[in-house]
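Thank you all for coming this morning. Before I begin, please take a moment to bring up the sequence and the structure, and keep both in view while I talk.

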Amino acid sequence: MRISTKGRYGLRAIIDIAAHSAEGQIPIKEVSKRQGISDNYLEQIIFPLKKAGIVQSVRGSQGGYYLARPAKDITAGEVLRVLEGDLAPVECLAGGGEPNCDRVDTCTTLSLWLKLRDAVNQVVDNVSIQELVDECKERVELDFGRGI
């Protein structure tokens, strides 16, 4: 399983917005500049996050984006699923339910794929955006104050 640039950049953008939340709504241009992501691509990434209720926006010259809920209440898994869809390692496990495959009764690798799916979901669903912000701030402080 690979997380695309959409998922990686989206997670970085959400962490950036959360890290700068004390400043109020964050203009997309500021996130774009700090993260090295084009404005247009970032807008495409932010739109589904807004639609999913993870971020909200304020229009106008003083406008920008802010988290719709506290960062501690948003998980990495929630952000990744909005942007990437299902995080299943193989197609037959997509949708999160029972395996959907003609070979389910004889599949020699099913138990491996189930363990992998469960492990990935366990990790991403138990890491909050706030934890990632805190880890990033700690790492940045150790790196002589570079910005997030």
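How many residues does helix α1 have, and how far does α1 reach from its first C-alpha to its last? This is a predicted model, and I would ask you to hear everything that follows with that in mind. Helix α1, which covers residues 5-19, has 15 residues, and from its first C-alpha to its last it reaches 20 Å, close to the 21 Å expected at 1.5 Å a residue.

Let me step back to the whole chain before returning to that helix. The secondary structure comes to 6 helices and 2 strands, and if you read along the sequence you will find them in the pattern α-α-α-β-β-α-α-α. The C-alpha atoms fill a box of roughly 60 × 35 × 25 Å, taken along the principal axes. The chain has 148 residues, of which 36% count as buried. If you take the contacts between residues at least 6 apart in sequence, 60% of them join residues at least 24 apart.

Now back to α1, and to its neighbour α4. The buried residues of α1 include Gly7, Gly10, Leu11 and Ile14, and these four residues also take part in the contact with α4, together with Lys6. On the other side of that contact, α4 contributes Ala76, Val79, Leu80, Leu83 and Glu84. By class, the contact of α1 with α4 has 6 nonpolar, 2 polar and 2 charged residues. As for the geometry, the axes of α1 and α4 lie 9 Å apart, and the two helices pack at an angle of about 135°, which makes α1 oblique to α4. The crossing of α1 past α4 is right-handed.

Which helix should we look at next to α4? I would suggest α3, residues 39-51, whose axis comes within 9 Å of the axis of α4, residues 76-84, and crosses it at roughly 115°. That angle makes α3 roughly perpendicular to α4, and this crossing, too, is right-handed. Here Ile45, Pro48 and Leu49 in α3 meet Val79, Val82 and Leu83 in α4, and by class this contact has 6 nonpolar, no polar and no charged residues.

To close, I would draw your attention to Val79 and Leu83 of α4, which take part both in the contact with α1 and in the contact with α3.

Key:
Residues are numbered from 1 along each chain as its sequence is written. This is a predicted model: local features need pLDDT of at least 70, side-chain atom pairs count only at pLDDT 80 or more; totals for chains, interfaces and linings use all residues. Side-chain values use heavy atoms; hydrogens and water are left out. Axes are lines fitted to C-alpha atoms, for helices over the stretch in contact, and angles run from 0 to 180 degrees between N-to-C directions. Angles under 35 degrees count as roughly parallel, over 145 as roughly antiparallel, 65 to 115 as roughly perpendicular and the rest as oblique. A crossing is left-handed if the near helix is turned anticlockwise from the far one by less than a right angle, and right-handed if clockwise. Contact means heavy atoms within 4.5 Å. Ala, Val, Leu, Ile, Met, Phe, Trp, Tyr, Cys and Pro count as nonpolar, Asp, Glu, Lys and Arg as charged, and the others, Gly among them, as polar. The expected span of a helix is 1.5 Å times one less than its number of residues. Buried means under 20% relative accessible area, exposed over 50%, partly exposed in between (1.4 Å probe, protein chains only).
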